[in-house]
Amino acid sequence: MKSPLGDFGGKLQNVWGGMNQGQKMLFILLTTVLVAGIATVFMYSGKPDYAPVFSSSDPAESGKVVDSLKELGIPYRLSEGGTRVEVPQDRVYEARMQLAQKGVPSKGTGFELMDKNTFGLTSFLQKVNYQRALQGEIERTIMQLEGVEGARVHLVIPEEKLFSEEAKEPTASVVVRLRPGATLRDVQVQAIANLVANSVEGLSPERVAILDDRGNILASGTGDASSIVSIANLTATQLQIKKDIEENLTRQIQSMLEGVLGYRQAVVRVSADLDFERREGEKEIYEPVTGGEGIVRSTQEVEEKYQGGASVPGGKPGVASNIPVYGEENTAKQENNYNRRESTTNYEMNRILERFASSPGKIKRLSVAVLVDSNLPQEAVEKVRNVVQAAAGIDVSRGDIVMVETLPFDRSAQEEEAKMLASQKFMNLLELLIKYGVIAFLVLLFYSLGKKILVAAVTPEQVTAEVYEEEEEEEGYEESIEPVAPSLARPVELSPEEKMKLELQRKMEEEIKRLVETNPEDATKLVRSWLSED
């Protein structure tokens with residue numbers, strides 16, 4: 001008995017032999033593309049996604065991380081010129097924990113240096129180890145700041161002197177390596193200086209020099225706390241306050257207009273004039289308690305009266321006439337009356353003492369400029385002006401100005417951005433189709449080609465339908481089939497199902513003929529049974 005696999009192989013050989021040269025080349029090409037496509041898709045879909053586990057611009061640190069990953073048996077790959085180490089996404093946390101256990105990447109040597117056996121070390125070496133440990137701890141702390149990738153700290157701690165006049169102040173130098181695109185603000189630089197100064201005894205923040213990895217001086221560390229430096233810092237702070245106020249107002253007005261007019265349908269700019277002058281004073285005010293008169297505290301009255309006569313001077317001028325003569329009666333007299341009255345009233349008064357100091361940064365004047373698209377009608381422009389005036393807190397009495405103008409906007413950038421977004425969405429969709437759709441396509445293609453090959457293997461290439469004539473003989477019912485003349489026979493294109501039916505019919509006829517030739521008696525009985533059933 002032949003096996004089905006052998007029959008199938010033989011039929012495939014027959015199909016292959018019936019193909020011409022072009023069909024064979026096409027079959028080989030399709031099979032190769034199919035196998036390569038399926039292998040590529042499975043390799044691509046089975047490839048793990050990688051995530052960054054370490055990033056540093058120092059090749060030495062990257063090399064240590066790579067060596068540790070090799071020892072741990074974790075797959076990795078390098079990107080961005082070897083400054084970024086990536087591992088499979090499902091093993092990121094495992095890799096970070098194991099690297100941390102191995103102390104990679106190293107963040108300096110801290111006080112664990114003092115855990116080693118120091119027996120036999122001199123006091124000088126102990127002092128050096130302490131200074132190294134202190135520098136390492138400060139480096140670790142600085143590296144925790146946002147935007148700082150690495151740090152190096154150098155301390156100069158002078159020896160103690162007997163006399164204070166001979167003592168020298170300690171100094172420190174800090175070099176920070178920033179992450180790509182990161183910068184340190186003045187506040188952060190001052191924070192680093194204060195951190196280092198408070199970590200070393202006797203060190204002042206003015207004696208800490210700070211540089212970045214590009215050689216830019218962030219803090220001089222010369223110890224010059226002159227008024228010029230203070231004024232420069234104050235000026236920088238004032239500019240920052242002015243910038244914050246302008247950006248805050250611009251953001252509020254911009255978001256309000258874009259919520260109504262649409263995204264990028266308005267351009268807003270705000271300029272603020274601030275008063276940074278500090279004023280201090282004292283004011284003392286006296287006022288009555290109630291009713292404008294106050295409360296009477298005390299009253300004093302003085303009254304004088306005088307009544308009497310007086311002689312009238314007369315006579316010859318000289319001394320003799322002015323010497324009184326006793327015994328003589330003066331007949332020339334005059335009556336005099338004198339009255340004087342004085343009244344003083346003291347009231348209780350309120351005494352008000354006011355001390356005032358004006359805070360710097362008061363807004364003196366605001367200028368707001370708004371540009372909208374020229375497609376906006378004039379009535380809407382007036383409404384925009386009124387809304388902006390209310391939102392910005394415009395005070396006309398102090399000279400504030402609001403300008404709203406219409407200009408045609410350039411839409412080329414927006415159109416280009418829209419095209420880029422559409423292209424990005426298309427690429428994402430295409431990547432998704434390639435990743436998940438190609439497998440289905442190749443499976444369908446493989447199924448279609450396999451089906452055609454299988455049907456071609458079990459079905460003859462061309463079946464010729466022959467017309468038979470039936471003749472009845474007088475001795476019995478025997479069918480004789482004779483082919484029609486060759487001129488009447490013509491090939492008919494049939495479907496695969498019809499071809500299979502004809503093939504089965506042909507096989508049955510051959511079996512019947514073989515049965516009639518070998519066992520005519522049994523064949524006769526079989527035909528008679530068929531007739532009796534009919």
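How many of the residues of the protein count as buried? Of its 534 residues, 19% do. Keep in mind, as you explore these views, that this is a predicted model.

**View 1. The whole protein, with its helices and strands.** Welcome to the overall picture: the protein is built with 11 helices and 15 strands. Among contacts with a separation of 6 or more, 68% are between residues 24 or more positions apart. The accessible surface of the protein is about 40000 Å², and carbon and sulfur atoms contribute 55% of that surface.

**View 2. Q135 in helix α5.** Here we zoom in on Q135, a residue of helix α5, which covers residues 123–143. Q135 has a relative accessible area of 14%, and because buried means under 20%, Q135 counts as buried. Leaving aside residues up to four places away in sequence, Q135 touches V153, H154 and L155.

**View 3. Helix α6 from end to end.** This view follows helix α6, residues 186–199. With 14 residues at 1.5 Å a residue, helix α6 should span 20 Å. The C-alpha atoms at its ends are 20 Å apart, so the expected span and the model agree.

**View 4. The buried residues of helix α6 and their partners.** Take a look at Q188, V189, I192, A193, V196 and A197, which are buried in α6. An α-helix has 3.6 residues a turn, so residues three or four places apart point the same way. The buried residues of α6 pack against helix α5 and against four strands: β4 (148–156), β5 (171–178), β6 (208–212) and β7 (217–219).

Note on methods:
Residues numbered from 1 in each chain as written. Predicted model: local features only at pLDDT ≥ 70, side-chain atom pairs only at ≥ 80, totals over all residues. Heavy atoms only, no water. Helix = DSSP H or I, 4+ residues; strand = E, 2+ residues; numbered from the N terminus. Buried < 20%, exposed > 50% of the residue type's maximum accessible area, 1.4 Å probe, protein only. Contact = heavy atoms within 4.5 Å. Expected span 1.5 Å × (residues − 1). Areas by Shrake-Rupley, 256 points an atom, 1.4 Å probe, with all protein chains shown as cover.
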